[in-house]
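Visitor: I am new here and would like to understand how the labels on a structure are earned. Could you show me one to start with?

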Amino acid sequence: LLYVNRADATIGPIASLLNRQLVLNDGVVSGGKFVLRETERGTFNVKEITDLLVNRNSKKPPFKVDIKSLKGTDIQFRMYRRAAPRDEGIDFANMCIDDIDVDMRDFKVVGSTVSSNILSLSCRERAGFELDDLSGSFRVEVGKIFFDNIHMRTARSEATVNYMVLDGNDWLQYRDYINKVPMNGRISNCTLSSHDVGYFAPALWGWNTTLYNITASMNGTVANFRGRLDHAELERGGTLRGSAKVVGLIDVEKTHFDIKVDELKASTNEISYLLHNIAHLEIKGAAADYLSRVQRVDASGAFRGTIHDFEVDARSRLGSGGSVAMKCSMDNPKQGKKGVTATLSGNDVDLKELLAQEIFGDASFAANVNMEFGDDEPIKLTGGCRVASVGFNRHDFKDVNVIADIENNRLVGSVASSDEALVMSGRAVIDWSDSSAPLYDAMATIDH
């Protein structure tokens, strides 16, 4: 459990021993190791040792240790759990923390309760995570760990934990920490890098993103928690707030997400930057030009479901003028196929600004798309769009409808307009099964 290379201490009043209390004015530990090990009996070694030291049936008061000042240098921490190892990030089944330097005040042990105020603590975990400084206070009781006013700093992140409670009933629950130990906490004014978070959630390692001035709270277990993001600032000035309920971690494939974005205000350049960093998606060419002309978005929305079976509902006002709304859902694979259904609507979208073409005006429309695809299957797509109005050449055309079907390298489409200035219908078939000689067949009837 505990190894000490060298310990120096100044002993307080000897008379306190008569009251079952050891008082040290100060203590210094140089070169030590603390080993937390889960035994084959399913408990941690520290519990088995404290059970021997603490006689809960005794009527005598618990033995107390009171150290006014405690410093440690070059300390090591090891935690060995009877759990499956982890290949990426911090391995909580085999944790190795080295180079621990700590300065504490009022370190107290009363029976099975331990508490202290930490003035400074720095360390390095084997996976590469380095903590430059930590300060605050903590208290450990049977199954419960309390943190108050914790300030943490790394090379990339800085966080203030107003409070955090690990609220277990006993230490046995920590064998299944993810499912059985509730947490309740709040952070404020934090700068958080995805690189640091990636040590604890490796899926975030490649995001290359930092959030600033974060204020948030959470409660629940890792496998079933609720969180609230009151405020966060993006790297280039955007702001974000929302909430989430997540059930099923750490199995991301089966985890159910219920995420609400109450507000996202950002420039389209920043959104493009985030897509590049997080999704590794680079928008190029004409699409990039359109996105830059939108300028800014003021959006809200929701995501519900798993990463394979979900619904998305989003709305946004555009800096270029007008607003859009989108609903999208994707079904679980069925016989090797996936299905996506989406609707997109726009109201008074400024096409002149968006397309940089003076000949256009505003447009209001509603479109829908149904798509089916599989690993070895061609995309099958059915879509339609009703344009309620679109400005073109100083006239507002109304009631224009477009339908398109794509399957097996073949497109069948139609268009119809009943506007008083354009009464027409048309149909076209394009078949590119033979890429060297695609086939085109089109017909239009223009009445006015």
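Guide: Gladly! A salt bridge is a side-chain nitrogen of Lys or Arg within 4 Å of a carboxyl oxygen of Asp or Glu. Please keep in mind that this is a predicted model.

Visitor: What makes lysine 108 and aspartate 66 a salt bridge?

Guide: Their closest N and O atoms are 3.2 Å apart. The limit is 4 Å, so the pair of lysine 108 and aspartate 66 qualifies as a salt bridge. Lysine 108 sits in strand 4 (residues 94-110) and aspartate 66 in strand 3 (residues 64-80), so the bridge ties together parts that are 42 residues apart in sequence.

Visitor: Why is aspartate 66 called buried?

Guide: Buried means under 20% relative accessible area. Aspartate 66 has 8%, so the word buried fits.

Visitor: And why is lysine 108 called partly exposed?

Guide: Lysine 108 has a relative accessible area of 30%. Partly exposed lies between the 20% and 50% cut-offs, so lysine 108 belongs there.

Visitor: How do you know that strand 3 and strand 4 pair?

Guide: Pairing needs at least two bridges between the strands. Strand 3 and strand 4 are joined by 13 bridges, so they count as paired, and they run antiparallel. Within this pairing, serine 69 stands opposite arginine 105 of strand 4.

Visitor: What joins strand 4 to strand 5?

Guide: Ten bridges do, and these two strands run antiparallel, with strand 5 covering residues 113-125. Valine 102, for instance, has leucine 121 in strand 5 as its bridge partner. Strand 4 and strand 5 form a hairpin with two residues between them, and glycine 111 in the turn has a positive phi of about 65 degrees.

Visitor: What makes aspartate 167 and lysine 144 a salt bridge?

Guide: The distance from N to O is 2.5 Å, and the limit is 4 Å, so aspartate 167 and lysine 144 pass the test. Aspartate 167 is in strand 9 (residues 158-167) and lysine 144 in strand 8 (residues 144-153), so this pair ties together parts 23 residues apart in sequence. Aspartate 167 is partly exposed at 34%, and lysine 144 is partly exposed at 22%.

Visitor: How many salt bridges does a search of the whole structure find?

Guide: It finds 18. Some are linked in a network, which includes Arg186, Asp230 and Lys265.

Methods. Residues are numbered from 1 along each chain as its sequence is written. This is a predicted model: local features need pLDDT of at least 70, side-chain atom pairs count only at pLDDT 80 or more; totals for chains, interfaces and linings use all residues. Side-chain values use heavy atoms; hydrogens and water are left out. Helices (H or I, at least four residues) and strands (E, at least two) are DSSP runs, numbered from the N terminus. Buried means under 20% relative accessible area, exposed over 50%, partly exposed in between (1.4 Å probe, protein chains only).
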